[in-house]
Amino acid sequence: MTLHELELGKLLERFADGNPTPGGGSAAATAAALAASLVAMSARVTATNKKFADIAERMNRIAQDADSLREELTNLITTDSAVV
């Protein structure tokens, strides 16, 4: 099981267990992936709101970009933890 597949509580335990990996890089990638997820969610909520119909296409592109970034960051969580 890779780090990004762990339940949040288990991931936090791994960060706290005293081993050098996963460390700061994996934690930073986790935080950034969470941020990208929230950007995607916000963009999608905005895109489906009739009040913002004039920017829906732009919001959908932002959501797709945020999804791509989240995927890249998710891969970096595990990649960083494999470097010793």
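I take buried as under 20% relative accessible area, exposed as over 50%, and partly exposed as in between, with a 1.4 Å probe and protein chains only. The model is predicted, so I accept local features at pLDDT of at least 70 and side-chain atom pairs only at pLDDT 80 or more, while totals for chains, interfaces and linings use all residues. I number residues from 1 along each chain as its sequence is written, and side-chain values use heavy atoms, with hydrogens and water left out.

**Entry 1: Met41 and its patch**

I looked up methionine 41 first. It counts as partly exposed because its relative accessibility is 42%. I place methionine 41 in helix α2, residues 24-47. Helices here are DSSP runs of H or I with at least four residues, strands are E runs of at least two, and numbering starts at the N terminus.

Which residues form a nonpolar patch on the surface? I find Leu34, Leu38, Met41 and Val45, with about 380 Å² of accessible area together. Patch members need over 30% relative accessible area and no salt bridge; nonpolar side chains (Val, Leu, Ile, Met, Phe, Trp, Tyr) are joined within 5 Å, like charges within 9 Å. The areas come from the Shrake-Rupley method with a 1.4 Å probe, and for residues only the protein chains shown count as cover.

I then checked valine 45, also listed in the patch. Valine 45 is found in helix α2. Its relative accessible area is 48%, so I log valine 45 as partly exposed. From its C-alpha atom to that of alanine 56 I get 9.5 Å, with the two positions 11 residues apart along the chain.

**Entry 2: Salt bridges**

How many salt bridges does the structure hold? I get 4. The criterion is a side-chain nitrogen of Lys or Arg within 4 Å of a carboxyl oxygen of Asp or Glu. Side chains of opposite charge can pair when their charged atoms come close.

Lysine 10 and glutamate 13 make one salt bridge, at 4.0 Å from N to O. They are about one helical turn apart because 3 residues separate them in helix α1, residues 8-16. Lysine 10 has 47% relative accessibility, so I enter it as partly exposed.

Arginine 61 pairs with glutamate 57, and their closest N and O atoms are 3.2 Å apart. I find both in helix α3, 4 residues apart, about one turn of the helix. Glutamate 57 is exposed because its relative accessible area is 60%. Arginine 61 is partly exposed, at 43%.

Aspartate 67 and arginine 44 form another salt bridge, with 2.3 Å between the closest N and O atoms. This pair links distant parts of the chain: aspartate 67 is in helix α3, residues 56-82, arginine 44 is in helix α2, and they are 23 residues apart. Is aspartate 67 buried or exposed? I log aspartate 67 as buried because its relative accessibility is 15%. Arginine 44 is partly exposed, with 37%. I also note a network of salt bridges that links Arg44, Asp67 and Arg70.

**Entry 3: Largest pocket**

I read a volume of about 190 Å³ for the largest pocket. Which elements give two or more residues to its lining? They are α1, α2 and α3. The largest share, 4 residues, comes from α2.

The lining includes Leu3, His4, Glu7, Thr30, Leu34 and Ile77. I sort the lining residues into 8 nonpolar, 3 polar and 1 charged. In this sorting Ala, Val, Leu, Ile, Met, Phe, Trp, Tyr, Cys and Pro are nonpolar, Asp, Glu, Lys and Arg are charged, and the others, Gly among them, are polar.

A pocket is an open set of points on a 1 Å grid over the protein atoms alone, where a 1.4 Å probe fits, with protein on both sides within 12 Å along at least five of seven lines; lining residues have an atom within 4 Å of a point. Grid points are joined across faces, edges and corners, and the volume is the space filled by probe spheres set on the points.

**Entry 4: Loop and helix α3**

I checked the peptide bond between threonine 21 and proline 22. It is cis, with omega about 0 degrees. Proline 22 lies in the loop between α1 and α2.

Glutamate 71 is in helix α3. It is partly exposed because its relative accessible area is 48%. Its C-alpha atom is 9.2 Å from that of alanine 36, 35 residues away along the chain.
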